Amino acid sequence: MPRLVKLSRLGSGGSMFFLVERLYDILMASTEKSCLREWRRDLLQEVHGDVLEIGAGTGANIEFYPESVTHLVLSEPEKIMRDQLRIKAGRSVLRDITFSSASAEKVEGDDGSFDFVVTTLVCCSVVDLETVLEQIHRVLRPGGSLVFLEHVAAERGSARRRWQDRMTPLWRRLAGNCHFNREIENALCLAGFKISQIKRESMRTSMPLVRPTIRGIAVKICS
Ligand SMILES: C[S@@+](CC[C@H](N)C(=O)[O-])C[C@H]1O[C@@H](n2cnc3c(N)ncnc32)[C@H](O)[C@@H]1O
């Protein structure tokens with residue numbers, strides 16, 4: 001009874017609702033067209049060397065990795081999404097791509113083994129954001145960077161933020177632990193990153209509660 005098994009995992013954290021996993025590209029198509037594709041292209045153009053992408057989903061970023069990426073590890077815990085990821089990776093110009101099913105709370109990789117880590121629309125859903133950022137910090141080389149594109153909490157005190165706070169307990173059960181109201185920029189600073197580039201923009205054509213986004217580069221600070 002695979003369908004029932006999947007339903008029982010609803011809200012378990014890393015897993016996304018079975019329909020969303022299967023229809024992800026279709027559900028995201030208009031937002032990809034209106035802004036996400038352009039943002040992904042801009043963000044990834046400078047990435048090079050050894051790169052780890054966490055929560056790579058169905059592979060929306062793959063076509064934007066430049067040839068200066070010498071080794072790409074695509075990590076995705078959900079099998080349904082990972083299967084779609086493998087198909088897209090097969091069309092990439094990059095020759096050295098490997099896959100991982102590890103969750104972001106237990107990133108596979110030696111300390112200081114990556115030049116860049118990439119997360120896009122992932123930090124909202126992980127079970128333990130603090131641990132995930134610790135893990136990203138650990139696997140980055142000194143001076144290495146996290147490239148991020150995330151939807152985030154609206155300004156405190158705003159009407160949108162109040163709705164984000166109200167709706168998150170229900171939404172996270174329907175949408176694979178997605179939180180509307182995570183303060184990700186703050187979490188990055190607390191985790192030992194220095195934000196060297198950041199843009200704040202509305203994710204046009206998406207649901208109003210996920211529209212506030214940040215994207216940019218956070219550099220690992222070594223203590
Ligand atoms: C909204 S999708 C984004 C997919 C892709 N990064 C993109 O930009 O289209 C969220 C992704 O995060 C993954 N995810 C959720 N929790 C995770 C965790 N704890 N560790 C790793 N990946 C996780 C999901 O499996 C899913 O692929």
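# A guided tour of the predicted model

Select asparagine 177 to begin: with a relative accessibility of 2%, this residue counts as buried, because buried here means under 20% relative accessible area. Keep in mind throughout that what you have open is a predicted model. Asparagine 177 sits in the loop that runs between helix 5 (159–174) and helix 6 (184–190), and its phi is positive, at about 70°, although the residue is not a glycine.

For a second residue of this kind, move to leucine 121, which lies in the loop between strand 4 (114–120) and helix 4 (129–139). Leucine 121 is not a glycine either, yet it has a positive phi of about 60°, and at 15% relative accessibility it counts as buried.

Now select residues 52–148, the range that UniProt lists, in an unreviewed entry, for "domain: Methyltransferase type". Over these residues the chain is 23% helix and 31% strand, and the C-alpha atoms at the two ends are 12 Å apart.

Next, colour strand 2 (residues 69–75), which is mostly covered, since five of its seven residues are buried. Add strand 1 (residues 49–54), and you will find that strand 1 and strand 2 pair in the parallel sense over six bridges; within this pairing, valine 51 stands opposite leucine 72 of strand 2. Then add strand 3 (residues 97–100), which pairs with strand 2, again in the parallel sense, over four bridges, and look for leucine 74, which stands opposite phenylalanine 99 of strand 3. To follow the connection, trace the chain from strand 2 through helix 3 (residues 79–89) to strand 3, a β-α-β crossover that is right-handed. While the side chains are displayed, it helps to remember that in a regular strand they alternate between the two faces of the sheet.

Turn now to helix 2 (residues 18–44), where leucine 27 lies. Show Leu19, Leu23, Ile26 and Leu27 as a surface, and you will see a nonpolar patch with about 380 Å² of accessible area together.

The last stops concern charged side chains. Those of opposite charge can pair when their charged atoms come close, and the structure holds 13 salt bridges. Select arginine 40 and glutamate 32, which form one of these, with the closest N and O atoms 2.7 Å apart. Arginine 40 counts as buried at 3% relative accessibility, and glutamate 32 counts as buried at 12%.

Where do arginine 200 and glutamate 185 lie? Arginine 200 lies in strand 6 (residues 193–202) and glutamate 185 in helix 6, so their pairing ties together parts that are 15 residues apart in sequence. The closest N and O atoms of this salt bridge are 2.8 Å apart. Arginine 200 is exposed, with a relative accessible area of 55%, whereas glutamate 185 is partly exposed, with 27%.

Another salt bridge to select joins the side chains of arginine 204 and glutamate 201, at 3.6 Å from N to O. Here arginine 204 counts as partly exposed at 37% relative accessibility, and glutamate 201 counts as partly exposed at 30%.

Finish by selecting Arg156, Arg161, Asp165 and Glu183 together, for these residues are linked in a network of salt bridges.

Technical notes:
Residues numbered from 1 in each chain as written. Predicted model: local features only at pLDDT ≥ 70, side-chain atom pairs only at ≥ 80, totals over all residues. Heavy atoms only, no water. UniProt positions renumbered as here; feature names shortened; annotations may be inferred. Patch = residues over 30% accessible without salt bridge, like charges linked within 9 Å, V, L, I, M, F, W, Y side chains within 5 Å. Areas by Shrake-Rupley, 256 points an atom, 1.4 Å probe, with all protein chains shown as cover. Salt bridge = Lys/Arg side-chain N within 4 Å of Asp/Glu carboxyl O. Buried < 20%, exposed > 50% of the residue type's maximum accessible area, 1.4 Å probe, protein only. Pairing = 2+ DSSP bridges. Right-handed = clockwise from strand over helix to strand, strands pointing away.
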